[in-house]
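Q: I am new to this structure and would like a close look at its salt bridges. Could you walk me through them one pair at a time?

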Amino acid sequence: MPRPFRFGVNLLSPTSAEEWRAKCRRAEQLGYDVILVPDHLGMPAPFPSLVAAADATERPRVGTFVLNTGFWNPTLLAREVATTDALTGGRLELGLGTGYVPAEHEKAGLPWGSPGERVDHLLRTVEELDRLLGSEEHEPRPAQRPRVPLLIGANGDRMLRITAEHADIAAFTGARTAAGGKLEPLTAGELDERVGRYREFAAGRKEPAEFNLLVQIVELTEDRGAAVRPWLSHLPNLSEEQVLQLPLVLVGTLEEIVEQVLAQRERYGFSYLTVLEPNMEVFAKVVEALRGR
């Protein structure tokens, strides 16, 4: 049986306390299951934002999507995770990634390092969080046991292997990192290969992971081609038809998008979809149509 759908929204814009609470309540009203915050300079700080989101709402879980582990010391991060999980009543989901924007590290005065060094640090972080937060002696203590659910965002082989070994939620970026931190989308076939590679690494798991995909473009329209043409200049290696086939692009009538989401769950296993804040309202129509499926 396919895993039931879950839907998250990644909130990007800093606001006043009142505006933040209203935005989180709106996400809850629209039916989102998870309220998420990224980890970029110039955007809201993740952990206080999630505590405020949980305080303003009743039903949604809250999560990081995703923390740049290069910004974090694992011991200090364990304190943040435990405190946030306790203050949100056990609603936290922890998302981790290696980071992909060198300029943010430079601005923060932190080393960027090689890809291998960034993956090394992520793995050390995961292992230290398991060790510290799994200890009955660690203070503060998280509310959830045996641990806070872990999401890892991955694309390369080594990251997919770590995700298969450690994560409750496998988040497929649907993109590769190019020079300067720019993301280039994977074609549908390339994503097939990446999901297949993950499944090889995860063959020995006792419990299957939940599969997540970050959807970048959402538009309800009768003219799918016209909707994606403004994006073609940003995707010079892809044709209009190839862009329309990208799993992270949901463009068309409500019925077409619902059909695409169902087909992608069947093809790839994506049951947990995340959208960006600008798409929160329009995607809510898809959330409503797929609720309970």
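A: Here is a friendly tour of the salt bridges, taken pair by pair. Please keep in mind that this is a predicted model. The count comes to 19 salt bridges.

Let's begin with Glu281 and Arg26, whose side chains form a salt bridge with an N to O distance of 2.9 Å. This pair connects distant parts of the chain: Glu281 belongs to helix α11 (residues 280-290) and Arg26 to helix α1 (residues 17-29), 255 residues apart. Glu281 is partly exposed, because its relative accessibility of 38% falls between the 20% and 50% cut-offs. Arg26 is also partly exposed, at 33% relative accessibility.

Next come Asp33 and Arg59, which meet through their side chains at 3.6 Å, N to O. Asp33 sits in the loop between α1 and β2 (34-37), while Arg59 sits in the loop between α2 (46-56) and β3 (61-64), so their salt bridge ties together parts 26 residues apart in sequence. Asp33 is buried, because its relative accessible area of 15% is under 20%. Arg59, in contrast, is partly exposed at 40%.

A third pair is Asp130 with Arg147, a salt bridge of 3.1 Å from N to O. Here Asp130 is part of helix α5 (residues 115-133) and Arg147 is in the loop between α5 and β6 (150-154), so the pair joins parts that are 17 residues apart in sequence. Asp130 is partly exposed, with 33% relative accessibility, and Arg147 is partly exposed as well, with a relative accessible area of 24%.

Finally, there is a network to look for: Asp157, Glu193, Arg194, Arg197 and Glu200 are joined by salt bridges that share partners.

Conventions. Residues are numbered from 1 along each chain as its sequence is written. This is a predicted model: local features need pLDDT of at least 70, side-chain atom pairs count only at pLDDT 80 or more; totals for chains, interfaces and linings use all residues. Side-chain values use heavy atoms; hydrogens and water are left out. A salt bridge is a side-chain nitrogen of Lys or Arg within 4 Å of a carboxyl oxygen of Asp or Glu. Helices (H or I, at least four residues) and strands (E, at least two) are DSSP runs, numbered from the N terminus. Buried means under 20% relative accessible area, exposed over 50%, partly exposed in between (1.4 Å probe, protein chains only).
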